[in-house]
Amino acid sequence: PQPKSEVAPAKQKGPVVKLVSSTFTDAVSVEGKDVLVLLTKPFCPACLDVATAFELLGKAFQSEPRVVLAKIDAQLNDLPPNLIKVSLSRLFHGLP
């Protein structure tokens, strides 16, 4: 079966690239690029809070051609089964 995927945006706007299932693998596999992807769900309050900070981070790295910040709606798009996911609580565990 085909993976569930939103339609890919015709044009990207802003400092954070919008990914969908059909564009995910190609977008994160570009040689010479470091890609950080935020997985979101539309009705998750924590996701909304982090998305705001992620946009600011995207603006800070906008002039860095090697760094790509991207986001994907994990509710509307299937993700690759071999994707390594790290929760924010785990990522920041132990930081002061």
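Let's start at Phe-61, which counts as partly exposed because its relative accessibility is 33%, and partly exposed covers the range between under 20% (buried) and over 50% (exposed). Keep in mind that you're looking at a predicted model. Where does Phe-61 lie? You'll find Phe-61 in the loop between helix 2 (45–60) and strand 3 (67–73). Phe-61 also has company: together with Leu-36 and Leu-57, Phe-61 forms a nonpolar patch on the surface. Add up the accessible area of these three residues and you get about 230 Å².

Now follow the chain on to the sheet. This is an open sheet of three strands, paired in parallel, and their order is 1-3-2. Strand 1 (17–19) and strand 2 (34–40) are the edge strands, each pairing on one side only. On average, neighbouring strands in this sheet are turned by 30° against each other, if you ignore direction. Take a look at strand 1 and strand 3: they run parallel and are joined by three bridges. Here Leu-19 stands opposite Ile-72 in strand 3. Helix 2 packs on the sheet, where helix 2 touches strand 2 and strand 3. The direction of helix 2 makes about 155° with that of strand 2.

Finally, go back to Glu-6, in the segment before strand 1. What does Glu-6 touch, leaving aside residues up to four places away in sequence? The contacts of Glu-6 are Lys-18, Val-20, Ser-22, Asp-73, Leu-76 and Asn-77. Try finding Asp-78 too: Glu-6 and Asp-78 are 72 residues apart in sequence, while their C-alpha atoms are 9.4 Å apart in space.

Terms used. Residues are numbered from 1 along each chain as its sequence is written. This is a predicted model: local features need pLDDT of at least 70, side-chain atom pairs count only at pLDDT 80 or more; totals for chains, interfaces and linings use all residues. Side-chain values use heavy atoms; hydrogens and water are left out. Patches are made of residues with over 30% relative accessible area and no salt bridge: like charges are joined within 9 Å, nonpolar side chains (Val, Leu, Ile, Met, Phe, Trp, Tyr) within 5 Å. Accessible areas come from the Shrake-Rupley method with a 1.4 Å probe; for residues, only the protein chains shown count as cover. A salt bridge is a side-chain nitrogen of Lys or Arg within 4 Å of a carboxyl oxygen of Asp or Glu. Helices (H or I, at least four residues) and strands (E, at least two) are DSSP runs, numbered from the N terminus. Buried means under 20% relative accessible area, exposed over 50%, partly exposed in between (1.4 Å probe, protein chains only). Two strands pair if DSSP finds at least two bridges between them. Axes are lines fitted to C-alpha atoms, for helices over the stretch in contact, and angles run from 0 to 180 degrees between N-to-C directions. Contact means heavy atoms within 4.5 Å.
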